[in-house]
Amino acid sequence: MEIASAQKVVPVSSLLLDTANPRLSEVQSSQYDAILSTVKSQGEKLVNLAQHLVEHGPNPASLLIVTPSNENSTETYTVLDGNRRVAALKLLESPTLVDGVIDAKLYKRLKRLSLEFKKNPISTLNCIVVPNIEYAD
């Protein structure tokens, strides 16, 4: 029997980074650690992605793939594909998450981008919701 996926508009605040993301060197213990690890591994590339999101918005042809999360009682989704985009959006919402973690020049750029982002924030993303990671694979 085939299990269906569905397209859904999901608030960015309901999206959780995959703490076991294969792009990261190891499984992260929290959302904050997942963001920090993404920033440390991606550096300027992540800030460039944030800039692209501010200037152009999300690519409507490149949907996130998410699965329902079991992390808490609210409706949240774990991002299986699109973790860097979600990390960039979370940094645009709260650049202080990486204050002292990234180069001062890069942090200053991120803060400027955040001010632009707040004029026209991206609060939801179109996602493909799959029942579980096995289905996504």
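**Helix packing in a predicted model**

Reader: In this predicted model, which helices do the buried residues of helix 4 pack against?
Author: The model is predicted, not experimental. Helix 4 carries the buried residues L106, Y107, R109, L110, L113, S114 and F117. The partners that these buried residues pack against are helix 2 and helix 3.

Reader: Around the axis of helix 4, what arc do the buried residues cover?
Author: Helix 4 has 14 residues and reaches 20 Å from its first C-alpha to its last, close to the 20 Å expected. On the other side of helix 4, A104, K105, K108 and L115 are exposed. The buried residues, L106, Y107, R109, L110, L113, S114 and F117, lie on the same side of helix 4, because they cover an arc of only 160°.

Reader: Are helix 3 and helix 4 roughly parallel or roughly perpendicular?
Author: Helix 3 spans residues 83-93 and helix 4 spans residues 104-117, with their axes 8 Å apart. The two helices pack at an angle of about 85°. Angles of 65 to 115 degrees count as roughly perpendicular, so helix 3 is, relative to helix 4, roughly perpendicular.

Reader: How many residues of the contact of helix 3 with helix 4 are nonpolar?
Author: From helix 3, L89, L91, L92 and E93 take part, and they meet L110, L113, S114 and F117 in helix 4. Of the residues in this contact, one is polar and one is charged. The number that are nonpolar is six.

Reader: Within what arc do the buried residues of helix 2 fall?
Author: Helix 2, residues 44-56, has 13 residues, and its buried residues are L46, V47, A50 and L53. These line one face of the helix because, seen down the axis, they fall within an arc of 115°.

Reader: Which residues are exposed on the other side of helix 2?
Author: The buried residues of helix 2 pack against helix 1 (31-42), helix 3 and helix 4. Just after helix 2, G57 takes a positive phi of about 75°. On the side of helix 2 away from its buried residues, the exposed residues are K45, E55 and H56.

Reader: Is T38 buried or exposed?
Author: T38 lies in helix 1, and it touches L24, G43, L46, R84 and A87, not counting residues up to four places away in sequence. Its relative accessibility is 6%. The cut-off for a buried residue is under 20%, so T38 counts as buried.

Reader: How far apart in space are T38 and R84, C-alpha to C-alpha?
Author: R84 is one of the residues that T38 touches. In sequence, T38 and R84 are 46 residues apart. In space, their C-alpha to C-alpha distance is 7.1 Å.

Note on methods: Residues are numbered from 1 along each chain as its sequence is written. This is a predicted model: local features need pLDDT of at least 70, side-chain atom pairs count only at pLDDT 80 or more; totals for chains, interfaces and linings use all residues. Side-chain values use heavy atoms; hydrogens and water are left out. Axes are lines fitted to C-alpha atoms, for helices over the stretch in contact, and angles run from 0 to 180 degrees between N-to-C directions. Helices (H or I, at least four residues) and strands (E, at least two) are DSSP runs, numbered from the N terminus. Angles under 35 degrees count as roughly parallel, over 145 as roughly antiparallel, 65 to 115 as roughly perpendicular and the rest as oblique. Contact means heavy atoms within 4.5 Å. Ala, Val, Leu, Ile, Met, Phe, Trp, Tyr, Cys and Pro count as nonpolar, Asp, Glu, Lys and Arg as charged, and the others, Gly among them, as polar. The expected span of a helix is 1.5 Å times one less than its number of residues. Buried means under 20% relative accessible area, exposed over 50%, partly exposed in between (1.4 Å probe, protein chains only). The arc is that of the directions from the helix axis to the C-beta atoms.
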